[in-house]
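Work through the exercises below with the sequence and the structure at hand. Each task is followed by a solution in steps.

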Amino acid sequence: MNLFLLRPAARRRRSLLIVAGLATAGLILLPAVTASAHVRVTPDNPISGAFSALTFRVPNESETAGTVKLTVDLPQDNPFLYVSTKPVPGWTAVATTSKLAKPVESYGTTLTEAVSQVTWTADKGVAIGPGQYQEFSLSVGPLPAAGTVALPTTQTYSDGKVVAWDQPTPVSGEEPERPAPELEVVAAAGDATPATPAARSGEAAPAAPAGTADPVARALGGVGLAAALVALVLAGLARRRGTGSAASA
């Protein structure tokens, strides 16, 4: 009888512990989720000297207004030689060209002006609503030398609020409140001259650098080697058994 009375109480205590644990986990995860709701940029090919599609993922952080405009600032000290936009239904993209402070040599071309901004504006009745996100893409190149390229971005809401994502990441690595999207460019394996957009339209996929063979091929090769070793061991055992049988006869 006492055991019957104690079991519900034990279940209640266990339930309370589970609820408390979930609540604690929620408190721990909430800041991480909040911090991730920023404008980010993802390159499809971040290699120095190559062309890359830069995709900006723009979440709407307002609970009452929609995002109706996005502006991305491009580097001017080491500008991109080529910039093009990918169409987004319901949005109009405009590239702004500015005169450079001084001429810049870029892969055999002397640049005196370059694209400094790209702005996407939503058509009437279109917006990134609360709880939604949209992606905007640029094709740029050639990418500069290995390093970090900041791409400050401005987000405008339908209620007039403007959010500037332009804060650099400090040396400590701690993310600021409004971090600027950053493009991490990695060093190229060689000094190959980048292809122009016209050439890139029909170019073949580059060969993998030495030491970077297909993981599947490496795995299959390993399996084949293991199978060969097993076969040799079995053959050796068979010979030993055959020899033993002959001796006993």
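**Exercise 1.** Classify R57 as buried, partly exposed or exposed, and find out which residue forms a salt bridge with R57.

*Solution.*
Step 1. The classes depend on relative accessible area: buried means under 20%, exposed over 50%, and partly exposed in between, with a 1.4 Å probe and protein chains only. R57 has 40% relative accessibility and therefore counts as partly exposed.
Step 2. The model is predicted, so local features need pLDDT of at least 70 and side-chain atom pairs count only at pLDDT 80 or more, while totals for chains, interfaces and linings use all residues. Residues are numbered from 1 along each chain as its sequence is written, and side-chain values use heavy atoms, with hydrogens and water left out.
Step 3. A salt bridge is a side-chain nitrogen of Lys or Arg within 4 Å of a carboxyl oxygen of Asp or Glu. The partner of R57 is E135, and their closest N and O atoms are 2.6 Å apart.
Step 4. Strands are DSSP runs (E, at least two residues), as helices are (H or I, at least four), and numbering starts from the N terminus. E135 belongs to strand β7 (residues 133-141) and R57 to strand β2 (residues 52-59), so the pair, 78 residues apart, links distant parts of the chain.
Step 5. E135 is partly exposed, at 31% relative accessibility.

**Exercise 2.** How many salt bridges does the structure hold? Locate the partners of E175 and E61.

*Solution.*
Step 1. There are three salt bridges in the structure.
Step 2. E175 forms one of them with R40, with 3.0 Å between the closest N and O atoms. E175 is in the loop between β10 (162-165) and β11 (182-185), and R40 is in strand β1 (residues 40-43), 135 residues apart.
Step 3. Both ends are partly exposed: E175 has a relative accessible area of 34%, and R40 is at 32%.
Step 4. E61 pairs with R178, the closest N and O atoms being 3.2 Å apart. The loop between β2 and β3 (67-73) holds E61, and the loop between β10 and β11 holds R178; the two are 117 residues apart.
Step 5. E61 is partly exposed at 32%, and R178 is partly exposed at 22%.
Step 6. R178 has a further contact: its charged end sits over the ring of W165, 4.9 Å from the ring centre. The criterion is NZ of Lys or CZ of Arg within 6 Å of the ring centre and within 35 degrees of the ring normal.

**Exercise 3.** In what order do the four strands of the open sheet lie, and which are the edge strands?

*Solution.*
Step 1. Two strands pair if DSSP finds at least two bridges between them. The order is β1-β2-β7-β4, with antiparallel pairing.
Step 2. β1 and β4 (82-85) are the edge strands, since each pairs on one side only.
Step 3. β1 and β2 are joined by four bridges. V41 has F56 in β2 as its bridge partner.

**Exercise 4.** Which residues form the aromatic pair with F51 and the aromatic pair with W120 and a tilted geometry?

*Solution.*
Step 1. Rings of Phe, Tyr and Trp (its six-membered ring) pair if their centres lie within 6.5 Å; planes under 30 degrees apart count as stacked, over 60 as edge-to-face and the rest as tilted. The whole structure has three such pairs.
Step 2. F51 and Y82 form a tilted pair, 5.7 Å centre to centre with 35° between the planes. F51 lies in the loop between β1 and β2 and Y82 in strand β4, so parts 31 residues apart in sequence are tied together.
Step 3. F51 is buried, at 4%, whereas Y82 is partly exposed, at 34%.
Step 4. W120 and F136 are also tilted, at 5.2 Å and 45°. Both W120 and F136 are buried.
Step 5. Ring pairs link W91, W120 and F136 into a cluster.

**Exercise 5.** Which residues have the most contacts inside the largest nonpolar core?

*Solution.*
Step 1. A nonpolar core is a set of buried Ala, Val, Leu, Ile, Met, Phe, Trp, Tyr and Cys residues joined through side-chain atoms within 4.5 Å.
Step 2. The largest core has 28 residues, and L74, W120, F136 and L151 have the most contacts inside it.
Step 3. β6 supplies the largest share of this core, four residues.
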